[in-house]
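Student: Could we work through this protein chain together, going step by step from its overall make-up to individual contacts?

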Amino acid sequence: LNANANPEQITNAVSKYLSRYFSKQNTDSIVGNTRLKGVVTFSQDPILDQVFLKGLSEFEPINFKIDFDEAKEQLSSSFNIPYIKYQGSSISNGQFALNSTANNFDLNFMVNNLQYEPVNIQNISLLGKVVDGTILLDFSTADETEKIININSEVIANDSLVKFHIN
């Protein structure tokens, strides 16, 4: 982990940065110089599966990455979950990526297989972007040959109201 600020300053800078995508009000035009870059890997360990997550039977290392540069108005974050089996449920190949710049905010979440007996869902995808303060989401699942579910939605929020619309 490499940062030029303390955790409170980083939290405030990231919060300020993200809030401008969802606010129609003019935000503070003063841009700071907060930077954060980090890579964290969680691996299976007795304290994890015997203390915090009893029932964790299989676990491949999870990798988290974050890169935030307030002055350049850039934030990217990602994590990769190769495989987890917890109390009979499992996730295979889960991936998340968030990339944003001064003008773009895109997210991508995918899972190859989510199993929670008797349910087995394959090829889960959630794509999103923010356009003019509106969150546009595209959720889908598919088997090997066809899409099973495809839901497009919009979320608009302001100080007193959240509006959710499904297309």
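The questions and answers below go from the whole chain to its helix, its cores and its strands.

Student: Before we go into detail, how many helices and strands does the protein chain have?
Tutor: The model is a predicted one, and its elements, read from the N terminus on, follow the order β-α-β-α-β-β-β-β-β-β-β-β-β. Counted up, the secondary structure of the protein chain comes to 2 helices and 11 strands.

Student: What percentage of the residues in the protein chain is buried?
Tutor: The C-alpha atoms fill a box of roughly 50 × 40 × 30 Å along the principal axes. With buried taken as under 20% relative accessible area, the share of the 167 residues that counts as buried is 25%.

Student: How far apart are the end C-alpha atoms of α1, and what span should its residues give?
Tutor: The helix α1 has 16 residues, which at 1.5 Å a residue should span 22 Å. That expectation agrees with the model, in which the end C-alpha atoms of α1 are apart by 23 Å.

Student: Where around the axis of α1 do its buried residues lie, and what arc do they cover?
Tutor: The buried residues of α1 are Ile 10, Ala 13, Val 14, Tyr 17 and Tyr 21. Because their directions around the axis are confined to a limited arc, they sit on the same side of α1, and that arc is only 95 degrees.

Student: Which exposed residues does the face of α1 turned away from its buried side carry?
Tutor: At the start of α1, a side-chain oxygen of Asn 6 comes to within 3.0 Å of the backbone nitrogen of Glu 8. Glu 8 also belongs to the face turned away from the buried side of α1, where the exposed residues are Glu 8 and Thr 11.

Student: Which element gives the largest share of the largest nonpolar core?
Tutor: This core has 13 residues, and those touching the most other members are Tyr 17, Tyr 21, Phe 68, Leu 75, Leu 98 and Phe 105. Two or more residues come from each of α1, β6 and β7. The largest share, 5 residues, comes from α1.

Student: Which residues does Phe 68 touch, not counting residues up to four places away in sequence?
Tutor: Phe 68 is one of the core residues that touch the most other members, and its contacts include Ala 13, Val 14 and Tyr 17. With the others added, the residues that Phe 68 touches are Ala 13, Val 14, Tyr 17, Thr 34, Arg 35, Leu 36, Gln 74 and Leu 75.

Student: How many bridges join β2 to β4, and which residue stands opposite Val 39?
Tutor: Strand β2 (residues 35-42) pairs with β1 (residues 2-3) in the antiparallel sense over 2 bridges, with Lys 37 as the bridge partner of Asn 2. Strand β2 also pairs with β4 (residues 62-69), again in the antiparallel sense, over 8 bridges. The residue opposite Val 39 in β4 is Lys 65.

Student: Which residue in the turn between β8 and β9 has a positive phi?
Tutor: Strand β8 (residues 119-131) runs antiparallel to β7 (residues 105-116), joined by 10 bridges, and a hairpin of 2 residues links β7 to β8. Strand β8 is also joined to β9 (residues 134-142) by 7 bridges, running antiparallel, and here Gly 128 has Leu 137 as its bridge partner. Between β8 and β9 lies a hairpin turn with 2 residues, in which the residue with a positive phi, about 50 degrees, is Asp 132.

Methods
Residues numbered from 1 in each chain as written. Predicted model: local features only at pLDDT ≥ 70, side-chain atom pairs only at ≥ 80, totals over all residues. Heavy atoms only, no water. Pairing = 2+ DSSP bridges. Helix = DSSP H or I, 4+ residues; strand = E, 2+ residues; numbered from the N terminus. Core = buried A, V, L, I, M, F, W, Y, C linked by side-chain atoms within 4.5 Å. Buried < 20%, exposed > 50% of the residue type's maximum accessible area, 1.4 Å probe, protein only. Contact = heavy atoms within 4.5 Å. Expected span 1.5 Å × (residues − 1). Arc of directions from axis to C-beta. Polar contact = N/O pair within 3.5 Å; in protein donor to acceptor, adjacent residues only side chain to side chain.
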